[in-house]
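Q: Please take a close look at one part of this model, a strand and the elements around it.

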Amino acid sequence: MKRSEIILWIMVAVALAANIWLPKHLRPRYSWERDLSQRYAVDFDKTAADVKDYISRYIPDVTDEQIQAWTESGELESKEIGRRTMYFRNAGPNLFRIVPELKALKDSIDGNGDGLDGHRAIDAKVIPLIREDVLSGKGSITLPKRMRVRFSVTVPVNTVKAGSTLRCWLPYPRQDVARQTDIKFIEAGIDSTALPEDKIIFSDPSCAHSSLYMETKANRYHDITFYEVFEYTSSGEWHPIDSETVKSYNKENPEYQEYTSEREQHVIFTDRIKALADSLSEGIENPFLQAKAFYTWIDANIPWASAREYSTIENIPEYVLTVRHGDCGQKTLLLMTMCRYKGIPARWQSGLMMHPGDKNLHDWCELYFEGYGWVPVDQSFGITPYGGYYYLGGIDPYRLVVNNDFGRAFSPEKKYPRSDTVDFQRGEVEWDGGNLYYNQWSYRFEVEYLSPSLPK
């Protein structure tokens, strides 16, 4: 580890230790500004030398002048931390995702061809089956997959003072999503001991973030692991939308007004958002075709790249338009904001991607078209060679839906700001002295695929 990294982590460790080990009356009062600065330090932990080392794997003769040029253009994301220019932890890999010629170079060196892998290989098989079922009259929800999930969060020993209370929220499947059914709670507990159900709190069904809550006392002898086990069935869904049959909205409907309005953060009709949406939809009156125009533009112009933590970004859609890249949730919020501005109802949906061999956190949304209702839309899966615009009105069966909105209160509520102030997928942990950030604990989830098996 380089000297600058050691100094950075010492600063973070000292701040954390002061909050954990000092008596409660001597701890500094909570400050979001101080909290945010620590989050920046975790996200921006690479030096220019680190970034250059990564880039030199593919460009051996890369120069400091090139590094500086990519930094000034924003293609290498950086931030001033203290008196040093520090780089986003994935700035190097992201450079080869967002600059087309560098992506082509890396793909040629790594041997990445145009073949389908990961979730794409699976989706290329299941999407035709879903389409066949829907077109044959079996309904818009089909091809169910049953899964058993074990999700856990581990807090290392001595992360907090022994005897203090650890509070943990784990993501749990929503029960108000039509394609997510037959949810069966099996057990939840701490370490290897299941808790009685009266020691577990399930979030209120109306809560936007579906969670299972537990708490315990920290000790000085071993790590604490919170875990849950459940089963559920997830189905694919597809709506073959004919734009000519989409009807006009009832703009007096309260639900319409709710889902076409701005939010206090991340869904704001800024001048840049309005100008982009107006230009892309010029001459288009049909709401589905407007949404298709937005979806197409984002797919073509905003490549996927690893994301900063959402809590460190003031306005995610504006950030995406500035840096010209985004991950699944960032691209989704851009689509949602443009749709809402043009009067197309849009709402957040997120949770986990459960594809065998390609599990991950994931975000998408739903759009409402009169005559069809709410339909799933996955902006980051985009326009595919095997499905075309399938994900503009369709979704695969390998999902775990946890959230139907973003940035809402938990049930039971957290005392301190969340690690992810927008989304909820990895879990959340806090103790008597404050929130525990992602660098202070780890999460893991394992999936057993029960029935039916993968398509051949």
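How many bridges join β10 to strand β14, and in which sense do the two run? Please set the answer in the context of the surrounding sheet.

A: The model is a predicted one. Within it, 4 bridges join β10 to β14 (residues 399–403), and the two strands run antiparallel. One point of this pairing is S350, which stands opposite N403 in β14.

Strand β10 itself spans residues 346–355, and 10 of its 10 residues are buried, so the strand is mostly covered; here buried means under 20% relative accessible area.

β10 is also joined to β11 (residues 358–369), again antiparallel, through 10 bridges. At the end of β10, H355 has D358 of β11 as its bridge partner. The two strands form a hairpin with 2 residues between them. In that turn, G357 has a positive phi of about 80°.

β11 in turn pairs with β12 over 5 bridges, in the antiparallel sense. In this pairing L367 stands opposite V375 in β12.

Taken together, these pairings give an open sheet of 4 strands in the order β12-β11-β10-β14, with antiparallel pairing. The edge strands are β12 (373–377) and β14, each of which pairs on one side only. On average, neighbouring strands of this sheet are turned by 35° against each other, direction ignored. As a general point, strands of a sheet pair through backbone hydrogen bonds, either parallel or antiparallel. In a regular strand, side chains alternate between the two faces of the sheet.

A helix also belongs in this picture. Helix α7 (residues 118–135) lies across β10 and β11 and runs at about 100° to β10.

Ahead of β10 in the numbering come two helices that pack on each other. These are α11 (residues 316–323) and α12 (residues 328–341), whose axes are 8 Å apart at an angle of about 110°. Angles of 65 to 115 degrees count as roughly perpendicular, and α11 and α12 are therefore roughly perpendicular to each other. On the α11 side, the residues in contact are I316, P317, Y319, V320 and L321, and they meet Q330, L333, L334 and T337 in α12. By class, this contact has 7 nonpolar residues, 2 polar ones and no charged ones.

To return to the strand in question, β10 is joined by 10 bridges to β11 and by 4 bridges to β14.

Note on methods:
Residues are numbered from 1 along each chain as its sequence is written. This is a predicted model: local features need pLDDT of at least 70, side-chain atom pairs count only at pLDDT 80 or more; totals for chains, interfaces and linings use all residues. Side-chain values use heavy atoms; hydrogens and water are left out. Buried means under 20% relative accessible area, exposed over 50%, partly exposed in between (1.4 Å probe, protein chains only). Two strands pair if DSSP finds at least two bridges between them. Axes are lines fitted to C-alpha atoms, for helices over the stretch in contact, and angles run from 0 to 180 degrees between N-to-C directions. Angles under 35 degrees count as roughly parallel, over 145 as roughly antiparallel, 65 to 115 as roughly perpendicular and the rest as oblique. Contact means heavy atoms within 4.5 Å. Ala, Val, Leu, Ile, Met, Phe, Trp, Tyr, Cys and Pro count as nonpolar, Asp, Glu, Lys and Arg as charged, and the others, Gly among them, as polar.
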